[in-house]
Every structure is written in structure tokens, then in C-alpha cells.
Amino acid sequence: MIIVLSAEASKQDADEILAKIENAGLKPLYMPGTERTVLGALGDERILQGLNITAHPMVEDVKPILSNYKLVSRELYPADSVVSIGNVPFGGQHFSIIGGPCAVETLDSFRASATAAVKGGAVALRGGAFKPRTSPYSFQGGGLDALKVMQQVSKELGVPAVTEVMDAADIDIIVQHVDALQIGARNMQNFNLLKAVGRTMTPVILKRGIAATIEETLLAAEYVVDSGNPNVILCERGIRTFETATRNTLDLNAVAFMKKRSHLPVIVDPSHGTGIRDLVGPLTKAAVAVGADGVIVEVHHEPKEALSDGKQSLYPEQFSQLMLELEPFIKAAGRQVTQLKAA
Ligand code: PEP
Ligand code: MN
């Protein structure tokens, strides 16, 4: 429930009501605004009704939160949340670009791909160290060695890095090496993993599951935020449909929908969304137009040698060219592209 206090309500009034909510076993939320303070009470709504909060003289209105997700909903927080990975902001007026290879291979190869990505305009790096592969015989990622490579190159280039976490047991070591955790599509409903990343304050890029509805995606984000970590960036990366011409169907409806219903930033992964290198550019432009807060793009210095996802990885020149072509789209969308800050 959302409890709107009257303009005259003091902090003491708010504290009094919050204590009542907490003592009843509900989760209290305090959201001071410029004109009015809004409180939240999450949990069994019948309990709140029993508290007769409306009778308090400083309570102006009590409204239910209609969606099943609460903390990530705009009903509770109407303004855009800005989530930063290192010093790179996602959300609000910003448009930020993450680039890098699918997987971190060797130091030389990651350095070459990452350098190309940053040269083109990426302000954060991507690369998998623990890879969720469909076949157990495919490259599974470089593990700890790959994390070390990421940390070294991210420091050399002065840009933050994100990598996927597949197992809660790896969270501690991963957060010592990179700036953000990715929850991959295959783990979007691994609720124990969601709760575990929720117990950190490290930013989380939460990718939509291949067969997850938008509501399920937002409820997955709710798990992370409810566990204590508000730093969630949603990522539309395509869903599985009857279509076989492309690897996935990039659901841009979901971007517009999630932006409307949730205050969390939403980015787009046109690489996994299409699976085809030549479609990454058009879909990146579409992502800007539909209101995304950024993109995460696979770039490899030599895609034909890539150990995973070479077919959808952009060549360095192709990435640089795309970033140039993207500028007018970003401007037209009223966004500001995040630039690398001079060290
Ligand atoms: C990836 O980012 O390389 C990846 C495996 O993504 P997804 O979970 O979206 O398939
Ligand atoms: Mn990939």
C-alpha cells in the first residue's frame, strides 16, 4: 500500500506511522518528496487495513499498489532510478554503451577487443568468465584467470566491467574483480541466486529469461531489490519464439513496457537478441528509439577466432561505425551519451 501524508506532516508523524507498520510485521518504506512524504507498507494488505492508518490526521490517502511487483514499480517510485556501474550512469537522461567480447579468452585477446570497444565509444566492458553454455562440450569460460584479466584490462583502460555470475558461491570472488554482476537469461528465475546478489550492493544487470514474461522479469528484479540491493538494470535480450531466422526475437515491446511500469533502467542486448552481426546495428538504433537507457554489445577483435558467439560479434570497425551512426538517434531521443571521463 502507498500512504500519502499531508503536506503538514512532520518527520515525527512519518516515524510514528512507520513504527506501526513495522510492528505489525509489514515492510515499511520511507520516501520523502519535495511536496509530500509518501510511505509504503509491503506485505499482507489485510493487516494494514486492521491498523486503520486512514484515521491518522496526517494521512491524506492510502492506495493499493496494483502490480504484483512493488519495489520496482513506478507506482511506488514515479521517477527514473539511475544505477551506476563504476562511474557510468544508466537511467534518467543518460545513454550508456557496454561493449566487449562474449567470453574473456586470453589477456591479449581481451585487451584487443576491449580496447576496440572503448575506442568506438563503449564506457563499460563486458565479457564472460563463467559461461552458461548449452552444450557441456563448449568452452565454459576461463573462471578466475578470466576475472583477473578483466580486472587488469578494466584498470588499464579506466572503464568498469561486468561479468556473469552463475553460482552464488562465486559472488565474493567476482565482486573483488569487476564492478557489476550479470544474471544471465538462463538464471533469471534462479531465486536463490537473485536473493544472493540482492544481499550485495553491487549493480546487477538482470537479463530477461528466454521464455520469461515481462511480469516474471519484473518479479525477478523485485527479488533482488527486496533482498536489499536497489541497483538493478533490466536487460531485454530477446525471447524464444517460433521464428528461426534469427537466434531470438528481440522484444522491444518489453523495453517500452518495462520503462512505463518500472523506474529501473532498461538496456538492450541486440547481439543475443538477433544472433546475427549485421542486424546488431539496426536493432541498436531501434533500442534507442524505443527508450532504452543503454545497450550491451558483443565486439571481438577477431570474431572468426572467438570461442563463443563469433557470428554475432561486431568487428572493431563495424562497432566504431555503428557508434557514429548512433549519435543522431541518441540526440533525437533526448538522451546524452555517456562519454569516457578523462583520467
Ligand atoms: C552473454 O551475455 O554472453 C549471455 C550468455 O547472455 P544471455 O544470458 O542473455 O544468453
Ligand atoms: Mn554471448
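**Manganese ion and ligand 1**

Mentor: In this predicted model, the manganese ion (ligand 2) has four kinds of protein donor atom listed by residue: Cys-102 (SG), His-272 (NE2), Glu-298 (OE) and Asp-309 (OD), lying 2.0 to 2.4 Å from the ion.

Trainee: What spacing do the donors follow along the chain?

Mentor: The donors of the manganese ion follow C-x169-H-x25-E-x10-D. Cys-102 lies in the loop between strand E7 (94-100) and helix H3 (107-120), and His-272 lies in helix H9 (residues 270-274), so this pair ties together parts that are 170 residues apart in sequence.

Trainee: Turning to ligand 1, where does it sit?

Mentor: Ligand 1 sits in the largest pocket.

Trainee: Which residues come nearest to ligand 1?

Mentor: Of the 13 residues around ligand 1, those are Arg-126, Lys-131, Ala-185, Lys-207 and Arg-237. By class, the shell comprises seven charged, three polar and three nonpolar residues.

Trainee: Which polar side-chain atoms lie 2.9 Å from an oxygen atom of ligand 1?

Mentor: An N or O atom in the side chain of Arg-186 does, and so does a polar side-chain atom of Lys-207. For Glu-298, an N or O atom of the side chain is 3.5 Å from an oxygen atom of ligand 1; Glu-298 is also among the donors of the manganese ion.

Trainee: How much of the accessible area of ligand 1 does the protein cover?

Mentor: The protein covers 97% of the 290 Å² that ligand 1 has on its own.

Key:
Residues numbered from 1 in each chain as written. Chains lettered and ligands numbered in written order. Predicted model: local features only at pLDDT ≥ 70, side-chain atom pairs only at ≥ 80, totals over all residues. Heavy atoms only, no water. Near = heavy atom within 4 Å. Polar contact = N/O pair within 3.5 Å; in protein donor to acceptor, adjacent residues only side chain to side chain. Areas by Shrake-Rupley, 256 points an atom, 1.4 Å probe, with all protein chains shown as cover. 1 Å grid on protein atoms, 1.4 Å probe; cavity = no way out; pocket = protein on both sides within 12 Å on 5 of 7 lines; lining within 4 Å. Sits in = over half its atoms within 2 Å of the grid points. Nonpolar A, V, L, I, M, F, W, Y, C, P; charged D, E, K, R; others polar. Donors = N, O, S within 2.8 Å, 3.2 Å for Na, K, Ca; no water. Helix = DSSP H or I, 4+ residues; strand = E, 2+ residues; numbered from the N terminus.
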